[in-house]
Amino acid sequence: MITGKYPNLRLRRSRKYAWSRRLVQENSLSYSDFILPIFLIEGKNKKESIKTMPNVFRYSIDRLYSVVNKAVKKGIPMVALFPYTNPKYKNQNGSEALNPNNLVCKGIKFIKKKFGNKIGIMCDVALDPYTSHGHDGLLKNKKILNDETLEILTKQAILQAKMGCDVIAPSDMMDGRIGKIRKALDKNNLNDVQILSYAVKFSSSFYGPFRDAVGSKKLLKGDKETYQMDFRNSDESLREVSLDIKEGADMIMVKPGMPYLDIIKKVKDTFKIPVFAYQVSGEYSLIMNGINKKLIDKKSIKESLISFKRAGASCIVTYFADQIDL
Ligand code: PBG
């Protein structure tokens, strides 16, 4: 390492003025760095607040235009759609996931019709917004079935892709799903559709507000520890990622974000592939509550987002995407 010595070297010299600090800046944020998650709800003209997520809303499809339009205008490259499914459509098998008229399908069609390819759409592949037990897979005798779940997830992915979803994002953490989905997409002439694998998804308490937002929190039986990763582990994330690359993932996600910056860096340094980060609901709400209670300044938002860039993330899924002014 080449370095100097005080008093010849005074690092404060470059910090003296704003222009000078800007010249030596190593990382920056632009709207291209963001993916905006959007929660959908049935009904007309609805903009419903979410108790656990200040300033985040559930929108009915007819209210989507202005939300997506704002994102397009800002230059945000992609939105991620999540449904709040009416409990009466939920069941053991999450069969609503395969309904071509479900909220996500309607959302995809609406956005594609209004905005074409001006903005990308990504959709989760997982059953938790649709199951009566709140799990991402099929539940039998207190176990989450792997291979049986893959069958339905593959169908869900194909359906979303046929509706016009650009980026299929399996967030279920079943083994083998990327390969199976890639194969099925190709077989259906959907070889252009990208796969963003939530390869490194930890079993985390930071998902709490999201589960509230999609209405699965009260339903969830037990926890997700038999399929999501143990947060004590680091090397295991490399095994997850290497599997998913071999199976055909175009990019991978690390989730949650801020408590796992070490993992983002490790995956990026090891594989040199696009690594996306998810600043999840619990991280969002902690910061928002801190700002609202005047415990921390609003500038903490940018500071939190830059940390992902420093760690090597290509972009960040964040609920701040449409609130932040750069
Ligand atoms: C479910 C899913 C979760 C999130 C995105 N997709 C929650 C979970 O696994 O329980 C969390 C996102 C957030 O907390 O913002 N497949």
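Q: How many nonpolar, polar and charged residues does the shell around the ligand have?

A: The model under discussion is predicted. By class, the shell around the ligand holds 7 nonpolar, 3 polar and 7 charged residues.

Q: Which residues come nearest to the ligand?

A: There are 17 residues around the ligand, and those that come nearest are Arg211, Lys224, Lys255, Ser281 and Tyr319.

Q: Which atoms of the ligand pair with polar side-chain atoms of Lys201, Arg211 and Lys255?

A: A polar contact is read as a pair of N or O atoms within 3.5 Å. An oxygen atom of the ligand lies 2.7 Å from an N or O atom in the side chain of Lys201. A polar side-chain atom of Arg211 is likewise placed 2.7 Å from an oxygen atom of the ligand. For Lys255, the partner is a nitrogen atom of the ligand, 3.2 Å from an N or O atom in the side chain. As for the surface of the ligand, taken alone it exposes 400 Å², and the protein buries 100% of that.

Q: Where in the protein is the space taken by the ligand?

A: The general idea is this: rolling a probe the size of a water molecule over the atoms shows where empty space is left. In this model, the space taken by the ligand is the largest cavity.

Q: How many cavities of 30 Å³ or more are counted, and what volume does the largest cavity have?

A: The count comes to 2 cavities of 30 Å³ or more. The largest cavity has a volume of about 120 Å³. Its lining consists of 15 residues, of which Asp128, Lys201, Tyr207, Phe210 and Lys255 are the closest to its centre. By class, this lining has 5 nonpolar, 3 polar and 7 charged residues. Two of the residues closest to the centre have appeared already: Lys201 with an oxygen atom of the ligand, and Lys255 with a nitrogen atom of the ligand.

Q: What space lies in the second largest cavity, and which residues are the closest to its centre?

A: About 90 Å³ of space lies in the second largest cavity. The lining has 13 residues, and Phe82, Pro83, Asp124, Pro129 and Tyr130 are the closest to the centre. Three elements give two or more residues to this lining, namely β4 (78-84), β5 (120-125) and α4 (147-163). The largest share, 3 residues, comes from β4. By class, the lining of the second largest cavity divides into 9 nonpolar, 2 polar and 2 charged residues.

Q: How should a pocket be read, and what lines the largest pocket?

A: A cavity is a space from which the probe cannot get out, whereas a pocket is an open set of points. In the largest pocket there is about 450 Å³ of space. Of its 15 lining residues, Arg21, Gln25, Glu26, Asn27 and Ile306 are the closest to its centre. The elements α1 (18-23) and α10 (300-311) each supply at least two residues of the lining. The classes represented in the lining of the largest pocket are 5 nonpolar, 4 polar and 6 charged residues.

Q: Which residues lie nearest the centre of the second largest pocket?

A: The second largest pocket, with about 290 Å³ of space, is lined by 16 residues, and Asn55, Phe57, Tyr59, Val67 and Asp322 lie nearest its centre. Two or more residues of this lining are given by each of β1 (34-41), β3 (53-59) and α2 (64-74). By class, the lining of the second largest pocket has 9 nonpolar, 3 polar and 4 charged residues.

Q: Which peptide bonds are cis, and where are Pro7 and Pro256 found?

A: The backbone angle to read here is omega. The peptide bond from Tyr6 to Pro7 is cis, with omega near 10 degrees, and Pro7 is found in the segment before α1. The peptide bond from Lys255 to Pro256 is also cis, with omega near -10 degrees. Pro256 is placed in the loop between β10 (251-255) and α8 (261-271). Lys255, on the other side of that bond, is one of the residues that come nearest to the ligand.

Q: What phi does Asn45 have, and where does Asn45 lie?

A: Asn45 has a positive phi of about 50 degrees, although this residue is not a glycine. Asn45 lies in the loop between β1 and β2 (47-50).

Definitions and conventions: Residues numbered from 1 in each chain as written. Predicted model: local features only at pLDDT ≥ 70, side-chain atom pairs only at ≥ 80, totals over all residues. Heavy atoms only, no water. Near = heavy atom within 4 Å. Polar contact = N/O pair within 3.5 Å; in protein donor to acceptor, adjacent residues only side chain to side chain. Areas by Shrake-Rupley, 256 points an atom, 1.4 Å probe, with all protein chains shown as cover. 1 Å grid on protein atoms, 1.4 Å probe; cavity = no way out; pocket = protein on both sides within 12 Å on 5 of 7 lines; lining within 4 Å. Sits in = over half its atoms within 2 Å of the grid points. Nonpolar A, V, L, I, M, F, W, Y, C, P; charged D, E, K, R; others polar. Points joined across faces, edges and corners; volume = space filled by probe spheres on them. Helix = DSSP H or I, 4+ residues; strand = E, 2+ residues; numbered from the N terminus.
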